[in-house]
Each structure stands twice: as structure tokens, then as C-alpha cells.
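Reader: I am new to this structure and would like a close look at a single part, the nonpolar core. Please describe what surrounds that part as well.

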Amino acid sequence: MVFSSLSFVYLFLPVCLLGFFLIPTLKAKNYFLLAMSLFFYAWGEPKWILVLLLSTVVEYFGAILVDQWRGTTKSKVALGVSIAVSLSALFVFKYIDFFTFNIGRLFHADWKLLELTLPIGISFYTFQTITYIVDVYRDKAPVQKNFGYLLLYVSMFPQLIAGPIVKYNDIQAQITDRKLTGRGVGEGVLRFLVGLFKKAVLANVAGEVAAGFLDGNLSTLTTAGAWIGILSYTFQIYFDFSAYSDMAIGLGRMFGFHYKENFNYPYIANSITDFWRRWHISLTTFFREYLYIPLGGNRKHQVFNLLLVWLLTGFWHGASWNFLAWGLYYFVLILCEKLFLGKALEKVPAFVGHVYALLFVVLGWGLFYYDDMSRLRQFFAVLFGFGEAGAAASTDLSVLLNHLVFFLFCIAASLPLAKVIREKYVAFGRTGTERARAADIGLVVFAVVLLFIDTAAMVGSTYNPFLYFRF
């Protein structure tokens, strides 16, 4: 089950909200939310819920031992073993076939692959369990003696399958002490509907255009078509990823939880470093706080630390050479900015930095898109004018003109215009009782219109890809 489906919006979510708010106590609400989260995860393939439970059990007992043996070598051993067990499950399901195949090729051996189905969201909840036991080890969070509450943190359906990666010390206090208000629910509903619009309308339409150019015979793809395709994918991946974060934040708000922002208008960045401060913030925060800084950060072995972090960032996204290349690509760019390019960008007009950052981000999405290395090379050859089909075709212009208004809307939606409008609207609602009432009515009308548009998009479209299947 995905958020951008009629079954979720009109069946699962209403039942979940109704049951949640009919239950009187917060403790009972939490257990109801846990049951609904496990049901949500088990909807597709129930057997993989065992992997989630195993990962949680390991970190639950591991954290108890870490706390019990605090300050001793045993505590470090308990920490290391617990993390190793969780990562080994991720390795087996996500990476073992990659290594088996490539090592087999190296030694000219035909080793059999396991070909396991990847449990949805395993990369997200594995990292979340790691934040829990590390936060306990660092004494940044108390050990959770209630297994049900820890399982609720790990399995909570708003952020289970597509993030953001929620750190335990950011959420642990809210599990047992949070305020549930009608305004909070309303804000959550509106945030969810905005995210659903970004997914069902913007991301899916952009994805259809991108697939039309990028998934076909690349020998017939023109240079113009390659650029239209990769720019469309640039919109798709942003609106898809940020949409799920918006929906997760909105859903969490409905149940009283406050999740941190995961995207901050990354396409207005003026450098690659700035881009990664704005894109998938929870992932970059995880690698910085739980790997980069413990390795020494900027203090020692900085180049090695950066290299390792970016190779793992790429590999986290998928078990394929293109993702490793993608991570290495950003390592080189960020290292260059740290060594000399960053200072140069500070001296040029901001517009130059924006163009530079956006160009390299778009090229990076080309690396990200193709896991077939031969198609990847062929695509970049076409992109830079070395294709057989020529620079442009009449169909390219036709597609561009037919979607011109849509692309202009995507550009506007990538800018912080909505944030400015929202701030002015909130300020308007604070200027008096009558205006506050009018502002509330306006938000209700806006939510109803959004729900209608989102529903129409879900009903009328058969293109609704789930980009997180390999994460």
C-alpha cells in the first residue's frame, strides 16, 4: 500500500484516524497505532515483517546491554554486535547478489544468486534502529524498556517505507507525551494533501514524460529529447521524494508527532554542498552524525572520511555500479568545493552558483537513472550531442510545447514561493478575529479543492511508480 492510492486515502487512513481518536488514553492510542502500522507494512508481503521485528528485537536487547554495561568494553561489544546484526540483514537482502555476481565475474565463476525480494523500507528502518542504540550508547536518549514503544518508533507507518529517517532522540519523548489538537490534525491533513498533489499530479506527470524519452531505444533519442527527459526526471525525483516526506510529516502531525523537515528547496542551491544541506536532510544528517564525525570529520583523514561517506551514500540508494559512480561523483564535487571551488563561488554572482549547482545536479540524475552501464554511457553520449538521431526532432518540440505550462508550474513549485504565500496568509489570519475565521475557512476550502484534484489524478492515471522499492 502506498500513500498515493485510493485504498490508503479513502479506507486505511480514515479507519486509522477514527480508531485513534475514539480510543481514550495515549497509551492505548499508541498500541492501536502500532497495530495499524504493522498491518500497513504487512499489506504487501506479510513475511517481511519478520525482518523488521528481528531488527527491532536485536537493537532492543542490545540497547539494554549497552545501558547495563555502560562505561565498559562489554558495552562497546554489545553496540558493535547489535549494529552488525542489523546491517547484515540489510546486506543479505540488498547487496549480497551484487557482490556474488561481481566477484564471480572476477574469478570467472558462475555462482548462483539468491534473488531475494527486497523488503520495502529496510534501508530506512535499519538506519533508525541504529540511531536508537547509538543514541543510548552516547547517553543522548534513555533506554526504552517497553518493546512495544520501540517497535512503534521503528514501524510507524507515516515514515516507515519512504522516510524521513527519524532519529530516536528526536522522537522518544513524543511517544509518551504529546499533545493532540484539532488544529494539529488540520495542519497535518493539509500538509498531507499538498504532498499528495506533488506526487499524484507533479511527480507522476513528470515521470511519464521522462519515461517516454529515457526508457526507449536510445539510438533513436535526440539530444533535445535527452535533455527534456532528464529535466523531467529532475522534477519527478524531487517532487516524488519530497512528496513522501510531506505526506509523512503531515501524517505524523495528525497523530501528534513532529518530524523534522527533509527537503528545503534544494533546486535553489548555489553550490553542491548547499544542495546536500537541502536534499534528503535526514540521510545526510545520519551519515554526518553517525559516520563522518565519529571517523574524525574535518579534523583528521577528511578526504578518506568524505570518500567513504559518499560511496556509502551512493550504495545506500541501490546495489549497482551507477549508484557507486553517483556517490563518487558527489565526493569529487564536494571535495573540489572544500579545496578551492567553494571560495571561487563566493566571489561570483549568486546566479552563476545556482546555474553551476543545478547543471551538475541534473547530470547527476543521469547517473542515478540508469543502472545499466551500457545504456548510461549511450545516454550521456546522446546528451552531449554524439547520438545518431541528431540534435532535435519535431516530436521533441511537440512534447515540450504540450507540457510548457506544466513545466513552468514545476519550476514555480521548486521555488520557495509557496512558503512566502503561506507566511503571508498566516500573518493575515493573525490580524483579527474576523480575519482569523476567514483564514480558517479559506484553508478548509483549499483542502477540499486539493482533495478533489488529488483524487481525480489518482483515478485518472495508471502511472504511479513507487521509486523506493530498491531502498
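Author: The protein chain has 21 helices and zero strands. This is a predicted model, and every value below is computed from it. The largest nonpolar core takes in 146 residues. Helix 11, residues 223-254, gives the largest share of this core, with 15 residues. The residues with the most contacts inside the core are Phe8, Phe157, Phe192, Trp279, Tyr330, Trp365 and Phe379.

Tyr330, one of these residues, can serve as a way into the core. Setting aside the neighbours within four places in sequence, Tyr330 is in contact with Ile272, Phe275 and Trp276. On the same terms, Tyr330 also touches Trp310, Phe360 and Val361; contact here means heavy atoms within 4.5 Å.

The chain as a whole gives the setting for this core. Of contacts between residues at least 6 apart in sequence, 76% join residues at least 24 apart. Of the 471 residues of the protein chain, 51% count as buried. The radius of gyration is 23 Å, which agrees with a compact globule, because a globule of 471 residues would have a value near 23 Å. Along the principal axes, the C-alpha atoms fill a box of roughly 70 × 65 × 50 Å.

Outside the core lies the surface. The protein chain exposes about 22100 Å², and carbon and sulfur atoms supply 68% of that area. As for charge, the chain has 38 positive and 28 negative charges, and the mean positions of the two sets are 9 Å apart.

Terms used:
Residues numbered from 1 in each chain as written. Predicted model: local features only at pLDDT ≥ 70, side-chain atom pairs only at ≥ 80, totals over all residues. Heavy atoms only, no water. Core = buried A, V, L, I, M, F, W, Y, C linked by side-chain atoms within 4.5 Å. Buried < 20%, exposed > 50% of the residue type's maximum accessible area, 1.4 Å probe, protein only. Helix = DSSP H or I, 4+ residues; strand = E, 2+ residues; numbered from the N terminus. Rg over C-alpha atoms; globule rule 2.2 N^0.38 Å. Areas by Shrake-Rupley, 256 points an atom, 1.4 Å probe, with all protein chains shown as cover. Lys, Arg positive; Asp, Glu negative; His and termini not counted. Charge placed at Lys NZ, Arg CZ, Asp CG, Glu CD.
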